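Got the model open in your viewer? Let's walk through it stop by stop, with a selection to make at each one.

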Amino acid sequence: MPETHRLRILWTDGHEGEYDYDYLRGYCPCAGCQGHHSLSVEFKRPATSVTPLAIEPVGNYAVAFQWSDAHATGIYRFDFLRKICPCDQCSEARKRLGGERENQGDS
Ligand SMILES: [Zn+2]
Ligand SMILES: [Zn+2]
């Protein structure tokens with residue numbers, strides 16, 4: 001296993017994103033994590049640090065993670081992954097849009 005604790009995605013347009021595994025786990029888009037009512041996916045900090053035991057492609061549009069905390073129901077669409085790209089450039093773009101707020105649960 002890589003020691004980086006990150007998933008790196010190189011997009012077809014040359015953009016590169018590095019996703020911390022806890023970050024991805026926190027953004028798990030499944031109904032169990034997000035609730036049925038919410039339209040936008042919010043970041044929910046995982047209780048424990050996780051690593052993926054397996055990463056499975058879903059068709060050609062998404063990827064599914066089997067997390068070390070036994071959670072495996074989230075389907076991460078690539079367009080969603082691109083939307084939550086944590087790099088400075090994309091974070092800035094998200095802030096400017098002011099739409100989706102990251103709920104870091106710091107309170
Ligand atoms: Zn989930
Ligand atoms: Zn980015």
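**Stop one: the sheet**

Start with strands 3, 4 and 5, which make an open sheet in the order 3-4-5 with antiparallel pairing. Select 52-58 and 75-77 next: these are strand 3 and strand 5, the edge strands, each pairing on one side only. Look along the sheet and you'll find neighbouring strands turned by 30 degrees against each other on average, direction ignored. Those angles run from 0 to 180 degrees between N-to-C directions, with axes as lines fitted to C-alpha atoms. Strands here are DSSP runs of E, at least two residues long, helices are runs of H or I of at least four, and both are numbered from the N terminus. Two strands count as paired if DSSP finds at least two bridges between them.

A word on what you're looking at: this is a predicted model, where local features need pLDDT of at least 70 and side-chain atom pairs count only at pLDDT 80 or more, while totals for chains, interfaces and linings use all residues. Residues are numbered from 1 along each chain as its sequence is written, and chains are lettered from A and ligands numbered from 1 in the order in which they are written.

Now add 62-67, strand 4: six bridges join strand 4 to strand 3. For one such pair, pick A54 and its bridge partner Q66.

**Stop two: the core**

Show side chains for L24, Y27, C28, V50, F65, W67, Y76 and I84, the eight residues of the largest nonpolar core. Such a core is a set of buried Ala, Val, Leu, Ile, Met, Phe, Trp, Tyr and Cys residues joined through C-beta atoms within 7 Å. Buried takes 20 or more other C-beta atoms within 10 Å of a residue's own, exposed 12 or fewer, and partly exposed lies in between, with C-beta atoms placed from the backbone. Across the 107 residues of the chain, 10% are buried.

Which residues does V50 touch, leaving aside neighbours within four places in sequence? Y21, D22, R25, W67, S68 and D69 are in contact with V50, contact being C-beta atoms within 7 Å.

**Stop three: two positive phi values**

Go to A70, in the loop between strand 4 and strand 5. Phi is near 75 degrees at A70, positive in a residue other than glycine. Is A70 buried or exposed? Exposed, because only 8 other C-beta atoms lie within 10 Å.

Finish at helix 4, residues 88-97: none of its ten residues is buried. Just after helix 4, G98 has a positive phi of about 70 degrees.

Technical notes. Two residues are in contact if their C-beta atoms, placed from the backbone, lie within 7 Å.
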